[in-house]
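Got the model open in your viewer? Let's take a short walk through it, one selection at a time.

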Amino acid sequence: MTQNTTGRVAELKIDGKVYTLPTLEGTEGDKAIDISNLLQETGYITLDSGYKNTGSCTSSITYLDGNDGILRYKGYDIEDLAEKCTFVEVAYLLLHDELPNPRELAQFKQLLEQFALLHEDMIHFFDHFPPYAAPMSILSVMVNCLSSYYPEMGDDPLANIDITAARLLSKIRTIAAFSYKKSMGQPLIYPRHDLSYCGNFLNMMFDNPVRPYLVQPAVVSTLNKLLILHADHEQNCSTSTVRLVGSAGVNLYSSISAGINALWGPLHGGANEMVIQMLEAIHNDGNDFIKYINKAKDKSDPFKLSGFGHRVYKTFDPRGTIIKQACDEILEVLHVSDPLLDIARELEEIALNDEYFVKRNLYPNIDFYSGIIYRAIGIPTNMFTVMFALGRLPGWVAQWTEMSVDPSRKIGRPRQVYIGEKQRNFVALDDRG
Ligand code: SDX
């Protein structure tokens, strides 16, 4: 029996027999029926494709309300965190349950500085990826390799989790920037002690020996906001992957590497790249919005309106609302006029007034406008999902750790309903027609 049990029960009547199942209620009133003993008591399992109706765990990290468009990390509204914090503060909150005080923040920043470099041997790995290698595949490989360079994780995964979390948070940023420099054939730019987490990333990405990069406070502030908005999102596909892989006793680095691969999917974190490709296709197609709206509505067409819809949000994704405003602000500061932004706005307007999208509660999600900002900053489209992974890293670590310390933790192993062949007699090779 899990905590938060309400004392009320659900009754299930099967073949004339009534079974009672305990129910529980979360901090914000979310309700669940505890089916931990269903198979043992009834001989039945449940079936729930895509887990739309199934909770995998209890968690104290992030709260979503899909009907009211609420997102909170450890009880703090995303609007406050995005507006008033840096990404490093929010990462600390997710990893340590509380926002840091000045001393804690200084110590955390010192750890991030200490771990900013990669082992020089790892840098040679970049020489062996093909030039067109997808940045998400490089990121997943390199993060997984960290488990070879820091094997202490294997013995007692939680022994130095604070150090490991800071190491991973700092190094994933360096890996991302180095992979970009390598893909451009440019010299690597190393992290600097005098730059912030986001300032360092931007400098490592865009500085070069010929023309020094100017780290602009407005760009740093926007990047902080973007990473905060991506930092966690309860039991989404990639986080559930991190938990499932970790539940088998896999170290943190390799669990995160699995999560990176799940995030890569175009239905998940890969959508931010797909949005730009969709907007460019519309732009190149004479802004034929109706053609693409109709494609999205056509069941025989696999095309979806990327950046629209969400498994949980049935109203505006609160992160999308913040990003849309940040988009207007940073493009004005940078004096950037992006035709794709105008197309995005018009597509949103048409979709939000189309019965197909309205009836299905399909609204812009976090991915719809984020790519416009990344473009304005100078980040290439094939790095957009890498940016999502950088933001999500502290959330993945927090979720992996919460799973690891849960006394009721079990290896994740869903069941199935078998619909294949009944038992049949073996046929020798020579007797097969
Ligand atoms: C992220 O889970 C998270 O929290 C994820 C995330 C995070 O922070 O971790 O928020 C990040 O992944 C955001 C989502 C990014 N993906 C996209 O933008 C891809 C486009 N969106 C869709 O593929 C879809 O909306 C999903 C995958 C996001 C959600 O899919 P669901 O919950 O499985 O919903 P569904 O596919 O069952 O859709 C319900 C109906 C269907 O039509 P009907 O069968 O009822 O007629 O809505 C339709 C769908 O065909 N639909 C869309 C659509 N999204 C849903 N139709 C056209 N375009 C779309 N984008």
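Select residues 318-333 and 339-351: these are helix 14 and helix 15. Keep in mind as you look that this is a predicted model. Two packed helices are described by the angle between their axes and the distance between the axes. Here helix 14 and helix 15 pack at about 155°, and their axes lie 12 Å apart. Since angles over 145 degrees count as roughly antiparallel, helix 14 and helix 15 are therefore roughly antiparallel to each other. While you have the pair on screen, check the hand: helix 14 and helix 15 make a left-handed crossing.

Next, go to the sheet with strand order 1-2-3. It is an open sheet of three strands, paired antiparallel. Colour strand 1 (5-14) and strand 3 (31-33) and you've marked the edges: each has a single partner strand, so one side of each has no neighbour in the sheet. From one strand to the next, the twist averages 30°. Now add residues 17-25, which are strand 2; strand 2 pairs with strand 3 in the antiparallel sense through three bridges. Which residue stands opposite Thr23 in strand 3? Show the two as sticks and you'll find Ile33 there.

Then hop over to the sheet with order 4-5-6, an open one of three strands with antiparallel pairing. Pick out strand 4 (62-65) and strand 6 (76-77): both stand at the edges with a single partner strand each, so one side of each is left free of a neighbour in the sheet. Strand 5, residues 70-73, pairs with strand 6 in the antiparallel sense over two bridges. To see one of the bridge partners, click Tyr73 and look across to Tyr76 in strand 6.

Last stop: empty space. Rolling a probe the size of a water molecule over the atoms shows where empty space is left. Turn to the second largest pocket, with a volume of about 340 Å³. To centre your view, select Lys109, Leu195, Ser196, Tyr197 and Asn200, the closest to the pocket's centre of the 17 residues that line it. Which elements give two or more residues to this lining? They are helix 4 (102-114) and helix 8 (197-206). Helix 4 gives the most, with four residues. Now colour the lining of the second largest pocket by residue type: you'll get seven nonpolar, six polar and four charged residues.

How values were computed
Residues are numbered from 1 along each chain as its sequence is written. This is a predicted model: local features need pLDDT of at least 70, side-chain atom pairs count only at pLDDT 80 or more; totals for chains, interfaces and linings use all residues. Side-chain values use heavy atoms; hydrogens and water are left out. Two strands pair if DSSP finds at least two bridges between them. Axes are lines fitted to C-alpha atoms, for helices over the stretch in contact, and angles run from 0 to 180 degrees between N-to-C directions. On a 1 Å grid over the protein atoms alone, a cavity is a set of points where a 1.4 Å probe fits but cannot get out, and a pocket is an open set with protein on both sides within 12 Å along at least five of seven lines; lining residues have an atom within 4 Å of a point. Grid points are joined across faces, edges and corners, and a volume is the space filled by probe spheres set on the points. Ala, Val, Leu, Ile, Met, Phe, Trp, Tyr, Cys and Pro count as nonpolar, Asp, Glu, Lys and Arg as charged, and the others, Gly among them, as polar. Angles under 35 degrees count as roughly parallel, over 145 as roughly antiparallel, 65 to 115 as roughly perpendicular and the rest as oblique. A crossing is left-handed if the near helix is turned anticlockwise from the far one by less than a right angle, and right-handed if clockwise.
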